[in-house]
Amino acid sequence: MFQRERVEIKTADQIRLMRRAGLVTAEGLRAMGAAIRPGATTAELDRIGRRVLAEHGARSNFLDYGADWGYPPYPGVACISVNEVVVHGIPGGRVLEEGDIVSIDFGAIVDGWHGDAARTFPVGEVDGASRALSKATRRSMWDGIARIRVGARVGDVSHGVEASLRSHERPYGILREYTGHGIGTAMHQPPDVPNYGRPGKGPRIVAGMCLCVEPMATLGGEDVAELDDGWTVVTCDSSRAAHWENTVAVLPDGLWVLTEPDGGRAELEARGVPFASLD
Ligand code: MF3
Ligand code: CO
């Protein structure tokens, strides 16, 4: 579906616009995350996402997604996926309970440029295995991002994610059906960025690319199924899942993580990766 198009290379000014979309995305995730508590519904969180978009004059890239190719139009501005729901959970009446984990995937369009990011949040006190799953998934996102540099290949990034998730004593399921992606004037662009792969393989990374790295991992197997609503993706074994995502701009002399308030500086520097920004 994506590979017919070409990779979109952005100018510095275009990446500055993408940073604005990235910061709205980050702010929406922060605001929704702050509202998580036992008793909240996923629809309530979606409404907070809508408010943040409106406050910033941004549009949603999730709402009505799919309509263009005859798919049931996505009805929310966020995907809110609880426990065994891996991705694309539709906001609604589900009530959050103490001990749940909630993955929120959210995006924004500013002046035609897209941001896309996801975080997994605990609801109150969460068991150790779920906490470790979210932490490992988050870490694999950063370890994958840390492999992005001019001249590397997408397979280096994919391998970075996979190796990170496999570095734990406990085995995690790694989703194969859903991948990261290029992003820019559309939310989903080439190249695909799988969460498993071989170093040295895949498209070459060049300055001006923007990539979403988004590992999805489970406490059980990697088989998933889509519910009849055409969206909700659940684990076949009902094991819990986590999902973390950031939008990353490749600059000539380093990375700028557009959907992190600090631009990714702390996590990149912790990994010896040059941080760059166009501020
Ligand atoms: N933002 C998701 C991703 O990370 C996709 C969302 S699908 C939508 O690629 F329908 F909800 F928009
Ligand atoms: Co994405």
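Two residues are in contact when heavy atoms of theirs lie within 4.5 Å of each other. With that in mind, I shall present this structure, which is a predicted model.

Let me begin with Ile 145. Leaving aside residues up to four places away in sequence, Ile 145 touches Val 213, Asn 246, Val 248, Leu 255, Val 257 and Leu 268. Where do we find Ile 145 in the wider picture? It belongs to the largest nonpolar core, which has 30 residues, and it is listed with Ile 148 and Ile 205 as having the most contacts inside that core. Several elements supply at least two residues each: helix 3 (128–145), helix 4 (154–165), strand 8, strand 13 (246–251) and strand 14 (254–257). Which of these gives the most? Helix 3 does, with five residues. There is also a second, separate core of 25 residues, and among its members are Leu 45, Ile 48, Val 77 and Val 123. As a general remark, nonpolar side chains in soluble globular proteins tend to be buried together.

I turn now to the metal site. Which protein residues are the donors of the cobalt ion, ligand 2? They are Asp 116 through OD, His 181 through NE2, Glu 214 through OE and Glu 245 through OE, at 2.0 to 2.3 Å from the ion. Along the sequence, these donor residues follow the spacing D-x64-H-x32-E-x30-E. The site has six donor atoms, and the angles among them range from 55 to 176 degrees. An octahedral site would need opposite donors over 155 degrees apart and all other angles between 65 and 115; the site of the cobalt ion is classed as irregular. Consider next where two of the donors sit. Asp 116 is in strand 4 (residues 113–122), while Glu 214 is in the loop between strand 8 (210–213) and strand 9 (216–218), so this pair ties together parts that are 98 residues apart in sequence. Are these two residues buried or exposed? Both Asp 116 and Glu 214 are buried.

Strand 4 leads us to a sheet. Three strands form this open sheet in the order 1-3-4, with antiparallel pairing. Strand 1 (78–82) and strand 4 are the edge strands, each pairing on one side only. From one strand to the next, the twist averages 10 degrees. How many bridges join strand 3 (residues 101–110) to strand 4? There are 10 bridges, and the two strands run antiparallel. Ile 101, for instance, stands opposite Pro 122 in strand 4. Helix 1 (residues 12–34) lies across strand 1, strand 3 and strand 4, and runs at about 25 degrees to strand 4.

Within helix 1 we find Gln 14. Its relative accessible area is 25%, so Gln 14 counts as partly exposed. Gln 14 touches Ile 9 and Trp 113, again leaving aside residues up to four places away in sequence. The C-alpha atoms of Gln 14 and Thr 185 are separated by 9.6 Å, although these residues are 171 residues apart along the chain.

Finally, I consider strand 6 (residues 180–182) and strand 7, which pair in the antiparallel sense over three bridges. A hairpin joins strand 6 to strand 7 through six residues. Gly 180 has Val 193 in strand 7 as its bridge partner. Why is strand 7 (residues 189–193) described as largely enclosed by the rest of the structure? The reason is that four of its five residues are buried.

Conventions. Residues numbered from 1 in each chain as written. Chains lettered and ligands numbered in written order. Predicted model: local features only at pLDDT ≥ 70, side-chain atom pairs only at ≥ 80, totals over all residues. Heavy atoms only, no water. Donors = N, O, S within 2.8 Å, 3.2 Å for Na, K, Ca; no water. Tetrahedral: all angles 85-135°; square planar, octahedral: opposite > 155°, others 65-115°. Buried < 20%, exposed > 50% of the residue type's maximum accessible area, 1.4 Å probe, protein only. Pairing = 2+ DSSP bridges. Axes fitted to C-alpha atoms, helices over the stretch in contact; angles between N-to-C directions. Core = buried A, V, L, I, M, F, W, Y, C linked by side-chain atoms within 4.5 Å.
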